[in-house]
Amino acid sequence: MASIFRMPGISADAEEATLLEWSIVAGATVKQGDVLATVETEKANVDIEADSDGVVMQLMAEAGDSVTIGAPIAILLDQGEDGSDPAAILSGLGLAPAVAAAAEPAAPAGAVDAAPAGAPASTPAPASSGATEDAVAHGTRLFASPLARRLALENGVELSALSGSGPGGRIVRADVERLIADGPATASAAPVPAAVQAAPPAAAAPAATKPPQPAAAGDVEVPHTAMRRAIASALSASKQTVPHFYLTSTLRVDALLDLRERINTSSPVRVSINDFFVKATALTLRAVPEMNVNWTPTAVRHLGSVDVAVAIQGERGLFTPLIRDADAKSLTEISTSVRDLAQRANDGTLKQHELVGGSFAVSNLGKYGVESFSAILNPPQVGIVAVAGVVRAPIVEGDEIVIGNTVTVTVSVDHRPVDGVLAAQWLARFKEYIENPLSMLV
């Protein structure tokens, strides 16, 4: 029986995702686990996979489209199922309105999108920019992808000034980005259809949608990617809605550095200081399971496995993939996992499940000479350990002062499921592991 393949919820709190490219075409046969498309999220470009075998009857979104989570993006048929009457199949799936839209002749350049799949064909798609609203109101139709409209809105670009390079003259993201890259002069000089020129001025847009102050001479503006916008949205929401509190401790790491050197001398897999901190985080979560939780609107969820996210700064940006069952992995296994995740993050081949879950993250800026910092939580995780660099500092040993190697860590904690005393107990146990690193190997 035909089924709807919907845009999956790639990450927590995401309302939409950008479909970067399809790996399939209509008529292709797919098996469970095959990659169907690549989607841009706030953390990485993620491959989404088929959850069953089938044949692709129809693709319902185009590369470059920004798609609401849960919206249909493809229709799959069972092997051998008759697909000769797509209208009836779509109707049986509750997508009958999309048939009328799909049956319409291809819109010429300058026409507005047909109604999105699942929306009534008689209901016009909401305009995403002042240019679109004005053109629709006065009879000139603009055919543009949702992502192109949003980019145009955010950068003050008139869609009516563009000629689309997409199918049927559709304006796509690349068209808007080219105009932005050419600068304000090009945008203002772009031709405007006569119908739009003759139209009276549109009503002023709400203040929240007004374009920013024009750039000064010599300024260079790089348009936000969907990833950067999503990161900004998620971090803003975290800082505004999650009551953070912070605990800081300075740890002595002489024994850790000595053990690392011994391991790297004898092991074919080199381990980093950060690998020790990931391992210590996992073991401490196992020792203090009340911290291995997520906050949900209705309950505190105690997690059945210890999965630790690792902040990785790659060529494509910042990623926080998970080391699954980190408490059960050796230091060399953690090192190998981190290297693999970092490589695949740069290649854009991380999987959806590798970006979601866990209760804690580790962020290490030590190699940049940072002596102390605090990090923002990534809900529903309840903690993140900010690891600074190694600093030579005076240390009191009995009645003497000696010089030793220290690292300052700051733990950011969600105060909703975790109280201060519990977090302090967690940090004390974490310090024991770091200052006595052999205990992590037994």
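Contact here means heavy atoms within 4.5 Å. Keep that in mind as we walk through this structure, which is a predicted model.

Let's begin with a pair of helices. Phe276, Phe277, Ala280, Thr281, Leu283, Thr284, Leu285 and Ala287 in helix H10 meet Trp426, Arg429, Phe430, Tyr433 and Ile434 in helix H12. Sort the residues of this H10 and H12 contact by character and you get 10 nonpolar, two polar and one charged.

How do we describe the way two helices sit together? Two packed helices are described by the angle between their axes and the distance between the axes. For H10 (residues 273-287) and H12 (residues 420-435), the axes come within 9 Å and cross at roughly 135°. That angle makes H10 oblique to H12. The crossing of H10 past H12 is right-handed.

Now for the strands. Strands of a sheet pair through backbone hydrogen bonds, either parallel or antiparallel. Look for an open sheet of four strands, in the order E1-E8-E6-E3, with antiparallel pairing. Strand E1 (3-6) and strand E3 (29-30) are at the edges with a single partner strand each, so each has one side without a neighbour in the sheet.

You can cross this sheet one pair at a time. E1 and E8 pair in the antiparallel sense over four bridges, and Arg6 has Pro72 in E8 as its bridge partner. Next, E8 and E6 are also antiparallel, again with four bridges; here Leu59 is partnered by Ala74 in E8. Finally, E6 (residues 54-59) pairs with E3 over two bridges, in the antiparallel sense, and Val30 finds its bridge partner in Gly54 of E6.

Is strand E8 buried or exposed? Six of the six residues of E8 (residues 72-77) are buried, so this strand is largely enclosed by the rest of the structure.

There's another open sheet to find, this one with five strands in the order E7-E2-E4-E5-E16 and mixed pairing. Its edge strands are E7 (66-68) and E16 (350-351), each of which pairs on one side only. Further in, E2 (residues 16-22) and E4 (residues 35-40) run antiparallel and are joined by four bridges. To spot this pairing on the model, find Trp22, which stands opposite Ala37 in E4.

Methods:
Residues are numbered from 1 along each chain as its sequence is written. This is a predicted model: local features need pLDDT of at least 70, side-chain atom pairs count only at pLDDT 80 or more; totals for chains, interfaces and linings use all residues. Side-chain values use heavy atoms; hydrogens and water are left out. Axes are lines fitted to C-alpha atoms, for helices over the stretch in contact, and angles run from 0 to 180 degrees between N-to-C directions. Angles under 35 degrees count as roughly parallel, over 145 as roughly antiparallel, 65 to 115 as roughly perpendicular and the rest as oblique. A crossing is left-handed if the near helix is turned anticlockwise from the far one by less than a right angle, and right-handed if clockwise. Ala, Val, Leu, Ile, Met, Phe, Trp, Tyr, Cys and Pro count as nonpolar, Asp, Glu, Lys and Arg as charged, and the others, Gly among them, as polar. Two strands pair if DSSP finds at least two bridges between them. Buried means under 20% relative accessible area, exposed over 50%, partly exposed in between (1.4 Å probe, protein chains only).
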